[in-house]
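Me: I've got a model open and I'd like to learn how to read its aromatic contacts. Can you walk me through it?
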Amino acid sequence: SGPERHLVRLAALNPSTVAMIFPSHFVQTHLSTFSNAFNSPNSYILSNGLSREYDISFEDRFTNHPLRSVVIIGRISIEKGQDALIKVAEALPQMTFHFLGDNDFTSSEYKHNLYKTMPSNVCFHGKVADVPTKVRQLKAQICVVPSRCNESFGLSAIEGMALSCLTLVRNKGGLKEIAAQTKALTFTS
């Protein structure tokens, strides 16, 4: 937002600032539209990383197994776009869609509306402490990141990939950048 951009711009212009580090080219480009201070030669991209629990070998849950299990990882809120999966879940009743996450600090109204409108092949697991173990238990094959907002990076996307899931992301913001770098599949609606 405006005040945060202004504070970061002041930090960028401060002579004692050694470097500006961005989580993605998307964020740097976005901020550069507001000020040339973000185009400094001392600007670097440092993508988010995963914790050690994601340092696991590929697990083949595809060979001789029909696609049946989809996981959606992260906070449940309107900007995260989980309602985009209502029609998909209805159209694919043979598949099970697993939501791993809760509304956390956002309104619970959206979550309750999802509970009421999602078909019976959708399971809400709430907040999950050990996502890698849960994804393996569910034998998840696909991870969908339906975020409507321009994510600065998209940690859920790289979590899904690290957990041996075919990953689909909305084609916008930092998610679009991740897809370009990893060949993840994208969608627009």
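Reply: Sure. Let's start with one ring: F124 has a relative accessible area of 24%, so F124 is partly exposed. Keep in mind that this is a predicted model.

Me: Which residues form an aromatic cluster with F124?

Reply: F99 and Y115 join F124 in one aromatic cluster. Y115 is partly exposed too, at 39% relative accessible area.

Me: How many aromatic pairs does the whole structure have?

Reply: A search of the whole structure turns up three. One of them is F22 with F38, at 6.3 Å centre to centre and 75° between the planes. Planes over 60 degrees apart count as edge-to-face, and that is the label for F22 and F38.

Me: Where do F22 and F38 lie?

Reply: F22 is in strand β1 (residues 20-22), while F38 is in the loop between α2 (25-32) and β2 (43-45), so their pair ties together parts 16 residues apart in sequence.

Me: Is F38 buried or exposed?

Reply: F38 counts as buried, with 1% relative accessibility. F22 is buried as well, at 3%.

Me: And what about the pair of Y115 and F124?

Reply: Their ring centres are 4.3 Å apart with the planes at 50°, so this pair is tilted.

Me: Which residue lies over the face of F34?

Reply: That's R5, at 3.7 Å from the ring centre.

Me: Away from the rings, is S120 buried or exposed?

Reply: S120 is exposed, at 77% relative accessible area. You'll find S120 in the loop between α4 (108-117) and β5 (122-124). Its C-alpha atom is 8.4 Å from that of P93, which is 27 residues away along the chain.

How values were computed:
Residues numbered from 1 in each chain as written. Predicted model: local features only at pLDDT ≥ 70, side-chain atom pairs only at ≥ 80, totals over all residues. Heavy atoms only, no water. Helix = DSSP H or I, 4+ residues; strand = E, 2+ residues; numbered from the N terminus. Buried < 20%, exposed > 50% of the residue type's maximum accessible area, 1.4 Å probe, protein only. Phe/Tyr/Trp six-rings, centres within 6.5 Å; stacked < 30°, edge-to-face > 60°. Lys NZ or Arg CZ within 6 Å of the ring centre and 35° of its normal.
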